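Subject: A structure for you to look through

Dear colleague,

I am passing on the structure below, together with some notes on what was found in it. Please keep it open beside you while you read, so that you can look up each place as it is named.

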Amino acid sequence: MDNHYHLLIETNSPILSKEMKYLNGTYTQYFNRQHQRVGYLLQGRFKAILVQKDAYLLELARYIALNPVRTQMVRSAKAWCWSSYRATAGYEENDASLTTEWILAGFDKTKRVTQQRYRDFVS
(Lines give C-alpha, C1' and ligand atoms only; values in the text may rest on other atoms or scores of the structure.)
Protein backbone atom coordinates (compact mmCIF):
# COMPACT_ATOMS: atom_id res chain seq x y z
CA MET A 1 0.00 0.00 0.00
CA ASP A 2 1.22 3.54 -0.54
CA ASN A 3 0.75 4.90 2.97
CA HIS A 4 0.12 1.95 5.29
CA TYR A 5 0.67 -1.76 5.67
CA HIS A 6 -1.08 -4.73 7.20
CA LEU A 7 0.52 -7.33 9.46
CA LEU A 8 -1.13 -10.46 10.71
CA ILE A 9 1.00 -11.53 13.64
CA GLU A 10 0.71 -13.71 16.68
CA THR A 11 2.39 -12.37 19.76
CA ASN A 12 2.52 -12.95 23.47
CA SER A 13 4.13 -9.58 23.96
CA PRO A 14 2.33 -7.16 26.24
CA ILE A 15 4.27 -4.32 24.62
CA LEU A 16 3.11 -4.68 21.01
CA SER A 17 2.27 -0.97 20.76
CA LYS A 18 5.76 -0.02 21.88
CA GLU A 19 7.30 -2.45 19.37
CA MET A 20 5.16 -1.09 16.53
CA LYS A 21 6.07 2.48 17.45
CA TYR A 22 9.74 1.49 17.25
CA LEU A 23 9.28 -0.30 13.90
CA ASN A 24 7.32 2.55 12.30
CA GLY A 25 9.58 5.27 13.71
CA THR A 26 12.81 3.56 12.71
CA TYR A 27 11.56 2.80 9.20
CA THR A 28 10.24 6.33 8.71
CA GLN A 29 13.59 7.81 9.76
CA TYR A 30 15.46 5.45 7.43
CA PHE A 31 13.13 6.17 4.49
CA ASN A 32 13.26 9.93 5.05
CA ARG A 33 17.07 9.92 5.16
CA GLN A 34 17.27 7.83 1.99
CA HIS A 35 14.86 10.11 0.12
CA GLN A 36 15.94 13.41 1.69
CA ARG A 37 12.54 14.19 3.10
CA VAL A 38 10.96 14.92 6.46
CA GLY A 39 7.61 14.26 8.11
CA TYR A 40 5.16 11.43 8.43
CA LEU A 41 5.39 8.49 6.12
CA LEU A 42 2.52 6.27 7.24
CA GLN A 43 -1.16 7.12 7.49
CA GLY A 44 -2.61 7.26 10.97
CA ARG A 45 -1.68 5.47 14.13
CA PHE A 46 -1.00 1.79 14.66
CA LYS A 47 -4.19 -0.23 15.18
CA ALA A 48 -4.47 -3.72 16.63
CA ILE A 49 -7.38 -6.12 16.41
CA LEU A 50 -7.60 -9.16 18.66
CA VAL A 51 -8.52 -12.22 16.59
CA GLN A 52 -10.17 -14.93 18.66
CA LYS A 53 -11.91 -17.19 16.14
CA ASP A 54 -10.32 -19.28 13.38
CA ALA A 55 -12.97 -18.21 10.85
CA TYR A 56 -12.14 -14.54 11.40
CA LEU A 57 -8.41 -15.31 11.12
CA LEU A 58 -8.97 -16.70 7.63
CA GLU A 59 -11.19 -13.78 6.61
CA LEU A 60 -8.53 -11.35 7.84
CA ALA A 61 -5.81 -13.20 5.91
CA ARG A 62 -7.96 -13.00 2.76
CA TYR A 63 -8.69 -9.29 3.33
CA ILE A 64 -4.97 -8.54 3.61
CA ALA A 65 -4.09 -10.59 0.52
CA LEU A 66 -6.82 -8.91 -1.56
CA ASN A 67 -6.26 -5.35 -0.33
CA PRO A 68 -3.93 -4.37 -3.22
CA VAL A 69 -6.38 -5.97 -5.68
CA ARG A 70 -9.35 -4.06 -4.29
CA THR A 71 -7.42 -0.80 -4.51
CA GLN A 72 -6.57 -1.66 -8.13
CA MET A 73 -2.83 -1.65 -7.56
CA VAL A 74 -2.58 -5.15 -9.10
CA ARG A 75 -4.96 -7.55 -10.85
CA SER A 76 -4.37 -10.53 -8.55
CA ALA A 77 -3.05 -11.20 -5.06
CA LYS A 78 -0.25 -13.23 -6.65
CA ALA A 79 0.99 -10.11 -8.47
CA TRP A 80 1.62 -8.09 -5.27
CA CYS A 81 5.28 -8.75 -4.42
CA TRP A 82 5.08 -7.13 -0.95
CA SER A 83 2.72 -9.75 0.42
CA SER A 84 3.21 -13.13 2.05
CA TYR A 85 0.37 -14.45 -0.11
CA ARG A 86 2.69 -16.00 -2.71
CA ALA A 87 4.63 -17.93 -0.10
CA THR A 88 1.50 -18.96 1.79
CA ALA A 89 -0.15 -20.12 -1.45
CA GLY A 90 2.94 -22.11 -2.46
CA TYR A 91 4.04 -19.98 -5.40
CA GLU A 92 7.45 -19.28 -3.82
CA GLU A 93 9.64 -20.34 -0.91
CA ASN A 94 8.79 -19.20 2.60
CA ASP A 95 11.11 -16.71 4.23
CA ALA A 96 12.53 -18.02 7.51
CA SER A 97 10.60 -15.34 9.42
CA LEU A 98 7.24 -16.26 7.86
CA THR A 99 5.01 -18.83 9.53
CA THR A 100 2.19 -20.02 7.28
CA GLU A 101 1.03 -23.17 9.08
CA TRP A 102 -1.48 -21.41 11.33
CA ILE A 103 -3.28 -19.95 8.30
CA LEU A 104 -3.08 -23.11 6.21
CA ALA A 105 -4.23 -25.38 9.07
CA GLY A 106 -7.78 -24.23 8.41
CA PHE A 107 -7.88 -26.01 5.04
CA ASP A 108 -6.31 -29.48 5.16
CA LYS A 109 -3.41 -31.52 6.56
CA THR A 110 -1.58 -32.06 3.26
CA LYS A 111 0.49 -29.00 2.35
CA ARG A 112 -0.11 -29.12 -1.40
CA VAL A 113 -3.88 -29.55 -0.97
CA THR A 114 -3.92 -26.90 1.72
CA GLN A 115 -2.15 -24.36 -0.48
CA GLN A 116 -4.56 -25.01 -3.36
CA ARG A 117 -7.56 -24.57 -1.07
CA TYR A 118 -6.04 -21.37 0.29
CA ARG A 119 -5.59 -20.04 -3.26
CA ASP A 120 -9.22 -20.93 -4.03
CA PHE A 121 -10.37 -19.26 -0.81
CA VAL A 122 -8.55 -16.02 -1.59
CA SER A 123 -9.67 -15.91 -5.21
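The notes below deal with the aromatic rings, then with the charges that sit over some of them, and then with one helix.

Please bear in mind that this is a predicted model.

Aromatic rings

A pair of aromatic rings is described by the distance of the centres and the angle of the planes. In this model the count comes to 6 aromatic pairs. One of them joins Y27 and Y30, whose ring centres are 6.3 Å apart and whose planes meet at 40°, and this pair is classed as tilted. Where do these two residues lie? Both belong to helix α1, which covers residues 16–34, and because Y27 and Y30 are 3 residues apart there, about one helical turn separates them. An α-helix has 3.6 residues a turn, so residues three or four places apart point the same way. Y27 is partly exposed, with a relative accessible area of 42%, and Y30 is likewise partly exposed, at 43%.

Another tilted pair is made by Y85 and Y91, with 6.2 Å from centre to centre and 50° between the planes. Is Y85 buried or exposed? With a relative accessibility of 5%, Y85 counts as buried, whereas Y91, at 38%, is partly exposed. Y85 and Y91 also belong to a cluster, linked by ring pairs, that takes in F107, Y118 and F121 as well.

Charges over rings

Two members of that cluster, F121 and Y91, each have a charged side chain over the ring. R62 lies over the face of F121, at 3.7 Å from the ring centre, while the charged end of K78 is placed over the ring of Y91, 4.2 Å from its centre.

Helix α2

Helix α2 runs over residues 54–70, and its 17 residues, at 1.5 Å a residue, should span 24 Å, which agrees with the 23 Å between its end C-alpha atoms. The helix has a kink of about 30° at I64, shortly before the proline P68. Both I64 and P68 are among the buried residues of α2, which also include L57, L58, L60 and A61. What covers these buried residues? The cover includes α3 (85–88), α4 (101–104) and α5 (111–122). After α2 comes Q72, which has a positive phi, near 60°.

With best wishes

How values were computed:
Residues are numbered from 1 along each chain as its sequence is written. This is a predicted model: local features need pLDDT of at least 70, side-chain atom pairs count only at pLDDT 80 or more; totals for chains, interfaces and linings use all residues. Side-chain values use heavy atoms; hydrogens and water are left out. Rings of Phe, Tyr and Trp (its six-membered ring) pair if their centres lie within 6.5 Å; planes under 30 degrees apart count as stacked, over 60 as edge-to-face and the rest as tilted. Helices (H or I, at least four residues) and strands (E, at least two) are DSSP runs, numbered from the N terminus. Buried means under 20% relative accessible area, exposed over 50%, partly exposed in between (1.4 Å probe, protein chains only). A charge sits over a ring if NZ of Lys or CZ of Arg is within 6 Å of the ring centre and within 35 degrees of the ring normal. The expected span of a helix is 1.5 Å times one less than its number of residues. The bend at a residue is the angle between axes fitted to the seven residues ending there and the seven starting there. Contact means heavy atoms within 4.5 Å.
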